[in-house]
Amino acid sequence: MNTRAYWLLRYSGFAVVGIAALVNPPHQPHEQLFRALQIACFTVAGLALLGWLVVDERRQYRRRGLPIVLGALAVAAGLAGVTSGGGQSLVAFAAVAAVAAGAETEWPEAIAVVAAGILPIWVVGPLVGSPLGTVAGYPLLIAATLSLGRNRRSYRVQAEQAAALVAQYERLRAEQRRADVLDERTRIAREIHDVLAHSLGALGIQIQAAKAVLTDHGDVDRAVEVLSTAQRMAADGLTETRRAVHALRVDSLPLRDELAEVVETHRQRYQVPVAFESAGAARPLPPDASLALLRTVQEALVNAAKHAPGEPIAVRLVYGQGDVSLTVVNHLNGAQAAVGDSSGNRDTRPERDTRSPGDTSGDHDSGGAGDSSGAGDTGSARQPSSAGGYGLTGMRERLLLLNGTLLAGPRDAEWAVTAELPLASVGMTAGSPPAAPGAAAR
């Protein structure tokens, strides 16, 4: 739309100058010479304007063609400026050419166009006796309009750069929104998975116990008691699920109190000795750090109930100078402790990612909770299935988000799960660390 308006103004101005030349012909003493010069200049200027229109429409010719047509227009308009009468007004198109050259071409080409408009005035003007105002004033006008063109070019470049920055900013905002959505979805998915893995794993143990009581002993009262416990656990699981949906948005108890409550609940449900110990000066932790350690304990306790039923468990929370660590240790039953080679030698070094404490999808033996009927079964209890559970993976991701570590593996006749968080990273950080690799792929 702007281009059409510009061209309407140019051709309207060209027509007005032509009418003025007809109404006000050149004066003596060079009337015939000036008339012929004006006709030639008008012809060249008209062709130059037509060429300018062509290179505007055919963008592939603009880079080389525009300086040529602007130079021709400047020469014709400058030469007409040394004449008299109405045709002298054509010099205004030399200024138009200078503005366009300053705005649309590089410095050398713009200077060449301006020189093409000024030189005819300086060369022909003195020969035909043009006044000083013509010889000095018109070149000054043409040179001044060049600065207007350069300013226009500068504004256009700034506008283009601003538009590019705005577009880049919008793209970055869109990417950031997408990353935030993915992070939030991953966080909520991890919360819900951890709660379900814990709750459903515990429910599975209770249901299997009720089944055993009915089939092996026919004790209906005891089975009803176990099922009542399972019902309470289901209600607790729903509460935990709601809490997970709103994770990190509500106040919670101090970590030491939360762990003590989890330990006591596990002790009552499974009737096993669970010791809890806290060492070091307790300090407040961010909600995400407390939640990561709490979920680690819950996963480790359910795993212990599944694979070492009835064995004592010890939970130890230690606040150090530069970190906070949490260890859950449970004794292995006889079949589990026998895992190793026939000579009795066993690798007792802690292993990373060797089992999935919260996996209830078949990552351990197929005999169900507490089945330790053979060494082969217990061997599989130490290795995650290819079907893959995400209990340990989820815990590791939680800790990685806080620059922490998770270590799980056998230690003598015990199985130990150790989580460590550096206080420098869990201490009051302003933003969320980047998502752990693979977190969004879950």
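**Salt bridges and a sheet in a predicted model**

In this predicted model, arginine 62 forms a salt bridge with glutamate 104, and the closest N and O atoms are 2.9 Å apart.

Visitor: In which helices do arginine 62 and glutamate 104 lie?
Guide: This pair links distant parts of the chain, since the two residues are 42 residues apart. Arginine 62 belongs to a helix covering residues 62–80, and glutamate 104 to a helix covering residues 92–104. The helices asked for are therefore α3 for arginine 62 and α4 for glutamate 104.

Visitor: Is arginine 62 buried or exposed?
Guide: A residue counts as buried when its relative accessible area is under 20%. The relative accessibility of arginine 62 is 14%, so this residue counts as buried.

Visitor: Which residues are linked with Arg62 and Glu104 in a network of salt bridges?
Guide: Side chains of opposite charge can pair when their charged atoms come close. In this structure, such pairs form a network that holds Arg62 and Glu104. The other members of the network are Asp56, Arg156 and Glu160.

Visitor: What is the order of the strands in the open sheet of five strands?
Guide: The pairing in this sheet is mixed. Strands β1 (274–279) and β4 (405–411) each have a single partner strand, so they stand at the edges, with one side of each left without a neighbour in the sheet. Read across the sheet, the order is β1-β2-β3-β5-β4.

Visitor: How many bridges join β1 to strand β2?
Guide: Strand β2 covers residues 313–319, and β1 and β2 run parallel. One of the bridge pairs is formed by alanine 275 and its partner in β2, alanine 314. The number of bridges joining β1 to β2 is six.

Visitor: Which strands does helix α8 touch?
Guide: Helix α8 covers residues 255–270 and packs on the sheet, where its direction makes about 170 degrees with that of β1. The strands that helix α8 touches are β1, β2 and β3.

Visitor: How many residues apart in sequence are the parts that arginine 316 and glutamate 277 tie together?
Guide: The side chains of arginine 316 and glutamate 277 meet in a salt bridge, at 2.6 Å from N to O. Because arginine 316 lies in strand β2 and glutamate 277 in strand β1, the pair ties together parts of the chain whose separation in sequence is 39 residues.

Definitions and conventions. Residues numbered from 1 in each chain as written. Predicted model: local features only at pLDDT ≥ 70, side-chain atom pairs only at ≥ 80, totals over all residues. Heavy atoms only, no water. Pairing = 2+ DSSP bridges. Helix = DSSP H or I, 4+ residues; strand = E, 2+ residues; numbered from the N terminus. Contact = heavy atoms within 4.5 Å. Axes fitted to C-alpha atoms, helices over the stretch in contact; angles between N-to-C directions. Salt bridge = Lys/Arg side-chain N within 4 Å of Asp/Glu carboxyl O. Buried < 20%, exposed > 50% of the residue type's maximum accessible area, 1.4 Å probe, protein only.
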